[in-house]
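Reader: I'm new to this structure and would like a close look at one part of it, the helices and what they pack against. Could you walk me through that, starting from the overall layout?

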Amino acid sequence: MRTASYPAPTPPWSTNEDRRLHFRVRAARIKEWHDAAFWIAKREKWHSLPPSTVRVTVTYPTQRIRDPHNIVGTVVKATVDGLVAAGVWPNDDPRFVTVLEPRIVVKPGHHQVTIELEERP
């Protein structure tokens with residue numbers, strides 16, 4: 001299993017909030033998450049991996065109740081797209097990538113992201 005953690009580029013946002021954002025604000029946030037995952041993949045030398053399972057864990061600094069499904073269409077999608085852009089897989093379709101439900105962890109401090117990649121059997 002390959003794992004990398006890094007500070008979240010912006011606070012994670014839900015699909016509910018995403019619908020209310022101005023398109024330029026939304027695009028800027030997605031680009032930051034995309035680019036962060038891209039550079040993490042480059043730093044970790046993740047390139048041309050076989051079909052894999054991916055799990056994104058987001059650490060929040062507060063105890064507020066959150067629904068993990070609400071970040072799939074925003075931060076998880078941008079993260080996986082950044083990994084594809086870095087050359088981890090040729091595409092993010094089901095032949096190459098299986099995305100598991102994200103984990104939400106509460107830990108005082110800053111927002112953090114952990115990417116876990118595991119080759120599929």
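Author: Sure, let's start with the layout. Reading along the sequence, the protein chain runs β-α-α-β-α-β-β-β. That comes to three helices and five strands. Keep in mind that this is a predicted model.

Now the overall build. The C-alpha trace spans about 35 × 30 × 25 Å along its principal axes. A compact globule of 121 residues would have a radius of gyration near 14 Å, and the protein chain has 14 Å, so the two agree. Of the 121 residues, 42% count as buried. And if you take the contacts between residues at least 6 apart in sequence, 83% of them join residues at least 24 apart.

On to helix 2, which covers residues 23–43. Its 21 residues reach 30 Å from the first C-alpha to the last, close to the 30 Å expected at 1.5 Å a residue. Which of its residues are buried? They are Trp33, Ala36, Ala37, Phe38, Ile40 and Ala41. Their cover includes strand 1 (2–7), helix 3 (72–85) and strand 5 (112–119). After helix 2 comes lysine 45, with a positive phi near 60 degrees.

Helix 3 is next. With 14 residues at 1.5 Å each step, helix 3 should span 20 Å, and its end C-alpha atoms lie 18 Å apart, which agrees. Its buried residues are Thr74, Val75, Val76, Ala78, Thr79, Val80, Gly82, Leu83 and Val84. What do these buried residues of helix 3 pack against? The list has strand 1, helix 1 (15–20), helix 2, strand 2 (52–60), strand 3 (97–99) and strand 5. So you meet helix 2 and helix 3 from both sides here: helix 3 helps cover the buried residues of helix 2, and helix 2 is among the partners of the buried residues of helix 3. Strands 1 and 5 turn up for helix 2 and again for helix 3. Just after helix 3, glycine 87 takes a positive phi of about 90 degrees.

One last stop is the largest pocket, with a volume of about 190 Å³. It is lined by 14 residues, and the closest to its centre are Pro12, Ser14, Tyr60, Arg64 and Arg66. Sorted by class, the lining has seven nonpolar, three polar and four charged residues.

Technical notes
Residues are numbered from 1 along each chain as its sequence is written. This is a predicted model: local features need pLDDT of at least 70, side-chain atom pairs count only at pLDDT 80 or more; totals for chains, interfaces and linings use all residues. Side-chain values use heavy atoms; hydrogens and water are left out. On a 1 Å grid over the protein atoms alone, a cavity is a set of points where a 1.4 Å probe fits but cannot get out, and a pocket is an open set with protein on both sides within 12 Å along at least five of seven lines; lining residues have an atom within 4 Å of a point. Grid points are joined across faces, edges and corners, and a volume is the space filled by probe spheres set on the points. Ala, Val, Leu, Ile, Met, Phe, Trp, Tyr, Cys and Pro count as nonpolar, Asp, Glu, Lys and Arg as charged, and the others, Gly among them, as polar. Helices (H or I, at least four residues) and strands (E, at least two) are DSSP runs, numbered from the N terminus. The expected span of a helix is 1.5 Å times one less than its number of residues. Buried means under 20% relative accessible area, exposed over 50%, partly exposed in between (1.4 Å probe, protein chains only). Contact means heavy atoms within 4.5 Å. The radius of gyration is taken over C-alpha atoms; the globule rule is 2.2 Å times the number of residues to the power 0.38.
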